[in-house]
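Have your viewer ready and your selection tool at hand. We will go from stop to stop, and at each one I will tell you what to pick and what you will find there.

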Amino acid sequence: AKNAGRNGYRFYEAAMNARIADQLALEMDLREALENNALHLHFQPQFTLNEARLVGAEVLLRWNHPVHGPISPARFIPVAEETGLILPLGAWVLRQACQQWRIWHEAGLNPPPLAVNLSAAQFQASGLPEEVAAVLAETGMPATSLELELTETIVAEDAERAETTMHRLADLGIHLSIDDFGTGYSSLAYLRRFPLHKLKIDQSFVRELANAGGSDVIVIAIIQLGKALGLTVIAEGVETPAQRDFLHQQGCDEVQGYLFGRPIPADQFTALLGTPAPA
Ligand code: C2E
Ligand code: CA
Ligand code: CA
Ligand code: CA
């Protein structure tokens, strides 16, 4: 029994070391990808439910690893966050997104506002408002065409500081939204205090719509709450006409999801500019 225990421990230790080695390798590869421009952005369209008008695009980071192929941001963003690489990585995403907006604009294509995801470390780093202002000035993208998606955790950690940073960002003219709304620890009080523009209903609630489990009630409550506070409400992860119809009935303003369009590279997104929604 003692031996088995020891082997069990050894096995555990080996597995741990392998995991750490994996993370390290991933981090090194990611650093290299950032330096060598091996990362790219995808854009996922957002539409109004009423008129099916294209009103935005979420910017999503993509990494095609030379050996392992495409790696999900759900896997590499946490590694970047743990190692601090998220700061240069996030800065790259922001600049790249603004540059792309500018390219579309120069081509006379009237691009919608772009929503860029922000990690907690980026939000908490001093100088974020200045960095954003500099990128906007450099790329000539109007502040009103940039939206930053924040999560509830960012907000929950140091509400006072978060409030100051948000006001400095909002004063630039950019829009702020709360991503994955309803999944994090949150105090409803901040919804009134913070200069927010939009709530994004998390896709876990949307997925459960029409299943027994109470998500219908939660989605209805989030829509009502958002409306009462004068915020735009968008649902993400919309995959079926039934989900769309329910959200429409409940007065949800906007939608994003595979039903309407997957995240696609910039050159493909160009084809969407100026066209009505497919669903
Ligand atoms: P998120 O911000 O919640 O982004 C939405 C995710 O849902 C994206 O996954 C998107 O591709 C996916 N999605 C969109 N529509 C549907 C749908 O109808 N059904 C389903 N099942 N999924 C849908 P993705 O691109 O894999 O990104 C995963 C997460 O990685 C993001 O979740 C975000 O937290 C993070 N992420 C991605 N890009 C960035 C970035 O540039 N910076 C930061 N900080 N995080 C990023
Ligand atoms: Ca997001
Ligand atoms: Ca989300
Ligand atoms: Ca998420």
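Start by selecting strand β6, residues 175-181, in this predicted model. Asp 180 sits in this strand, so make its side chain visible as sticks.

Next, show the calcium ion (ligand 4). Asp 180 coordinates this ion through its OD atoms, at 2.7 to 3.0 Å. Now add the calcium ion (ligand 2) to the view: the two ions are 5.9 Å apart.

Switch on a pocket display for the next stop. The largest pocket has a volume of about 900 Å³. Which residues are the closest to its centre? Select Glu 58, Leu 60, Pro 73, Asn 117 and Asp 179, which hold that place among the 34 lining residues. Colouring by element helps here: β2 (54-65), α2 (73-83), α3 (86-106), β4 (114-117), β5 (146-151) and β6 each give two or more residues to the lining. If you colour by residue class instead, the lining divides into 14 nonpolar, 11 polar and 9 charged residues.

On to the charged pairs. Side chains of opposite charge can pair when their charged atoms come close. How many salt bridges does the model hold? The count comes to 13, and we will visit some of them.

Select Arg 95 and Glu 138, whose closest N and O atoms are 2.9 Å apart in a salt bridge. Arg 95 belongs to helix α3 and Glu 138 to helix α5 (residues 128-139), so this pair ties together parts that are 43 residues apart in sequence. Turn on the surface and you will find Arg 95 partly exposed, at a relative accessible area of 30%.

Now pick Lys 198 and Glu 147, another salt bridge, with 3.3 Å between the closest N and O atoms. Here the link runs between strands: Lys 198 is in β7 (residues 198-201) and Glu 147 in β5, so parts 51 residues apart in sequence are tied together. Are these two side chains buried or exposed? Lys 198 counts as buried at 4% relative accessibility, and Glu 147 is buried too, with a relative accessible area of 6%.

For a pair of sequence neighbours, go to Arg 244 and Asp 245, which form a salt bridge with the closest N and O atoms 3.1 Å apart. Arg 244 is partly exposed at 22%, and Asp 245 is partly exposed at 36%.

Finish by selecting Glu 58, Glu 149, Lys 200 and Glu 236 together: a network of salt bridges links these residues. You have met Glu 58 before, among the residues closest to the centre of the largest pocket.

How values were computed. Residues are numbered from 1 along each chain as its sequence is written. Chains are lettered from A and ligands numbered from 1 in the order in which they are written. This is a predicted model: local features need pLDDT of at least 70, side-chain atom pairs count only at pLDDT 80 or more; totals for chains, interfaces and linings use all residues. Side-chain values use heavy atoms; hydrogens and water are left out. Donors are N, O and S atoms within 2.8 Å of the metal (3.2 Å for Na, K and Ca); water is not among the atoms, so sites may look incomplete. Helices (H or I, at least four residues) and strands (E, at least two) are DSSP runs, numbered from the N terminus. On a 1 Å grid over the protein atoms alone, a cavity is a set of points where a 1.4 Å probe fits but cannot get out, and a pocket is an open set with protein on both sides within 12 Å along at least five of seven lines; lining residues have an atom within 4 Å of a point. Grid points are joined across faces, edges and corners, and a volume is the space filled by probe spheres set on the points. Ala, Val, Leu, Ile, Met, Phe, Trp, Tyr, Cys and Pro count as nonpolar, Asp, Glu, Lys and Arg as charged, and the others, Gly among them, as polar. A salt bridge is a side-chain nitrogen of Lys or Arg within 4 Å of a carboxyl oxygen of Asp or Glu. Buried means under 20% relative accessible area, exposed over 50%, partly exposed in between (1.4 Å probe, protein chains only).
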